[in-house]
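Colleague: I have a few questions about this one before I go back to the bench. Could you take me through it?

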Amino acid sequence: MPGRFKDLTELSFDGGRFQRDFELVHIQSLRQLKKLSLEATRVGNEAVFLLVSLKENLETLHLSFNPKIDDDAIPAIILLKELAFLSIYGTSIGMPGLRKLTQAIVEEGRTPAVEIPEICEKYIDNLDRQYLRYPEPPLVVDPSICLTLSESALKRNLKAHASVNPSIIASGTREEMVERLMKILEMRKLDHLVCSLFTEIKEDDT
């Protein structure tokens, strides 16, 4: 492949089985590539990082059904700034990675279409069991406000979230409660962004 097919714009390896991710290294010379499909090729995170050199033109990327790809591949995916479509369905990318990807996309003002993993879809379908989705005053929704809350206010907020998710602890030192509530509200904010960008669910309050 080196030195050949440099003007190629579309390429599919669907169903092909790479023994090692490094076998994809020669794809880096295809700088005009706009559409690439690696569906069910057994590639992992290293393969995704090898694609970063294509970031100037790559618009469509299929990584579906490659379970060795996980959250560690997200930094490389974020660098592919021209992507209009991305499929990570059937990978091992979870909500932490998807939240990180979402945050980067929003900050950069991008609007790619993304097919997300089933485990993330299931999590989103069950957001009502993760925390209180729509806190109403005097409960807070802004993570930055947590530092100013009294201990009683912190407990009140945490108890409200614990009412829908018993695994949430509504006690502890003030510092512990501040950290816990901030994490919940930051997660809530990013989860709502994931919903608005990548699912049929539309959220008014983020």
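Colleague: Let's start with H5; which of its residues are buried?

Modeller: This is a predicted model, and in it the buried residues of H5 are Ala-153, Leu-154, Asn-157, Leu-158, Ala-160, His-161 and Ala-162.

Colleague: And what covers them?

Modeller: The cover over the buried residues of H5 includes H6.

Colleague: How far apart are the end C-alpha atoms of H5, and what should the helix span?

Modeller: The end C-alpha atoms of H5 are 16 Å apart, which agrees with the 16 Å that its twelve residues should span at 1.5 Å a residue.

Colleague: OK, how is the chain divided into domains?

Modeller: The domain assignment gives domain 1, residues 10–122, and domain 2, residues 127–187. Taken over C-alpha atoms, the centres of domain 1 and domain 2 are separated by 35 Å.

Colleague: Now the largest nonpolar core: which residues there touch the most other members?

Modeller: That core has 59 residues, and the ones touching the most other members are Leu-36, Leu-61, Leu-63, Ile-77, Leu-86 and Leu-98. The elements that contribute two or more residues to this core are helix H1 (45–50), helix H2 (74–79), helix H3 (95–107), helix H4 (118–125), helix H5 (151–162) and helix H6 (174–198). H6 gives the most, with eight residues.

Colleague: Where does that core lie relative to the domains?

Modeller: The core lies between domain 1 (10–122) and domain 2 (127–187), because both of them give residues to it.

Colleague: Staying with Leu-63, what is it in contact with?

Modeller: Once its neighbours within four places in sequence are left aside, Leu-63 is in contact with Leu-38, Val-48, Ile-69, Ile-77, Leu-86, Ser-87, Ile-88 and Thr-91.

Colleague: Thr-60 caught my eye too; is it buried or exposed?

Modeller: Thr-60 counts as buried, at 17% relative accessibility, and its place is in strand S3, residues 60–62. Apart from neighbours within four places in sequence, Thr-60 is in contact with Lys-34, Lys-35, Leu-36, Leu-83 and Phe-85. One of these, Leu-36, is also among the residues that touch the most other members of the largest nonpolar core.

Colleague: Changing topic, how many disulfides are there?

Modeller: A search of the whole structure finds zero disulfides. Cys-120 is in none, and the nearest cysteine sulfur to its own, that of Cys-195, is 11 Å away. Since a disulfide here requires the two sulfur atoms to be within 2.5 Å, that pair does not count as one.

Colleague: Are those two cysteines buried or exposed?

Modeller: Cys-120 is buried, with a relative accessible area of 0%, and Cys-195 likewise counts as buried at 0% relative accessibility.

Colleague: What about Gly-97, where does it sit?

Modeller: Gly-97 lies in helix H3 and is buried, with a relative accessible area of 3%. Leaving aside neighbours within four places in sequence, Gly-97 is in contact with Asp-71 and Ile-74. Gly-97 and Ile-74 are 23 residues apart in sequence, and their C-alpha atoms are 6.1 Å apart in space.

Colleague: Last thing, where does pLDDT stay under 50?

Modeller: It stays under 50 over residues 201–206, for which the model has 14 contacts beyond four places in sequence. For the protein chain, the average pLDDT is 93, and 94% of the residues score at least 70.

Notes
Residues numbered from 1 in each chain as written. Predicted model: local features only at pLDDT ≥ 70, side-chain atom pairs only at ≥ 80, totals over all residues. Heavy atoms only, no water. pLDDT = per-residue confidence, 0-100. Contact = heavy atoms within 4.5 Å. Core = buried A, V, L, I, M, F, W, Y, C linked by side-chain atoms within 4.5 Å. Buried < 20%, exposed > 50% of the residue type's maximum accessible area, 1.4 Å probe, protein only. Helix = DSSP H or I, 4+ residues; strand = E, 2+ residues; numbered from the N terminus. Domains from an automatic or database assignment. Expected span 1.5 Å × (residues − 1).
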